[in-house]
Amino acid sequence: VPIVQTSTFVFENQQQMLDSVQGKSGGHVYTRWSNPTTKNVEEKISALEGTEDTHVLASGMAAISSAIIGIVKGGERILSSDSIYGGTVHLFDKILMQYGIQVDYVDTDELVNRLTDSRDTYKLCFFETPTNPTLKIVDIKKVADAAHATGTISMIDSTFGSPINQRPHLLGVDLVMHSATKYLGGHSDIIAGTISGSNELMANVRSAAKLLGGTMDPFASFLLDRGIKTLSVRMDRHNFNAKYLAEKLEKDSRIRKVHYPGLTSHPHHDIARKQMDGYGGMLSIELESNLAGTSKFVDSLEIFLNAVSLGGVESLASIPVLTTHYGIGEKALREMDIAESTVRLSVGIEEPSDLLQDLLAALDVIG
Ligand SMILES: Cc1ncc(COP(=O)(O)O)c(C=O)c1O
């Protein structure tokens, strides 16, 4: 599919235009509504996720906000896991609250209990797995089943997993979103988001998205399509490299803790093994160090670049308390299992022994 870099589409006559506006001809009218380059990627993502429909938007945040505004009304409530992306928390607490949507947060392990024993009724249950940055795992099927049993729509942020490692819709989750900025795009050169689900739910999401206007640019859709072509081979290498590093680093006495769902020592390893085909390219380590030492460690890395974001072919390292979780109080950090010495690694597709050497050399620097 070519890059159809246009805002509008030309018609021969009014009848042709009307047929497209009414959705009878499948033609495109205006790129904020739909575009052939974007539609091509949407169809590929639906095939990957096993959903009837997918909408691709200009960012992961546009996907989350459009989906929620399309589904949840003022006065209705959302149940969310407390381990979700910081931007999503701000969306919930700063924006949705203003429109009368209340979000209750519970620990990842408490989602099922809260849904089943709840005196509250929730319109939507939102969760993420694996979580950022400590790679906790939520039992996707159990949450989806509990949500269905109580008439709650389930929605997952599946960004860390990618559709290669997990397909939550096939386990019963109603809406699956990705920050396609990450693994789906894969080259750290676009900002994009996806939301997938049944035609029925997606009709509401699409009509909200059309009016909210977080439209994907056709050129970015082309880059996303280019990324998806190599998603499977990239994920194989991300999975391999991260597991290799996690297993090596776990044995190093200078590291207090390694968070990686592929390790048998991970508290949710059994759930991860059941629901994931690979454990992903993200891992976190806790150093035996203070914040100054942790900063020196990250600054000493040569292959791992000092940057936020994740899911690209190149390895990145960041310190959550200085980046994604900056300004969050000590108590909340402790509850999330995040320390000053936690380093988040987005493991790329480079030679794994080079990545290990890079990490060991930086550990030598801090002593
Ligand atoms: C897990 C997760 N969800 C959502 C987002 C938001 O996506 P975007 O930056 O593409 O809007 C991010 C971004 O870092 C993320 O890591």
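**Exercise 1.** How many residue pairs are in polar contact between domain 1 and domain 2?

*Solution.* The structure is a predicted model, in which local features need pLDDT of at least 70 and side-chain atom pairs count only at pLDDT 80 or more, while totals for chains, interfaces and linings use all residues. Residues are numbered from 1 along each chain as its sequence is written, and side-chain values use heavy atoms, without hydrogens and water. Begin with the bounds: domain 1 spans 14-229 and domain 2 spans 231-366, as given by an automatic or database domain assignment. A polar contact is a pair of N or O atoms within 3.5 Å; within protein, one must be able to donate a hydrogen and the other to accept it, and residues adjacent in sequence count only if both atoms are side-chain atoms. Between the two domains, 20 residue pairs, both at pLDDT 80 or more, satisfy this criterion.

**Exercise 2.** State which residues supply 26% of the area that domain 1 buries against domain 2.

*Solution.* Domain 1 and domain 2 bury about 2,900 Å² between them, with 57% of it on carbon and sulfur atoms; buried area is the accessible area (1.4 Å probe) lost by two parts on being put together, summed over both. On the domain 1 side, Ile137, Asn165 and Tyr183 supply the 26%, more than any other three residues.

**Exercise 3.** Identify the salt bridges between the domains.

*Solution.* The criterion is a side-chain nitrogen of Lys or Arg within 4 Å of a carboxyl oxygen of Asp or Glu. Two salt bridges are counted between domain 1 and domain 2. Arg167 and Asp277 form a salt bridge through their side chains, at 2.5 Å from N to O.
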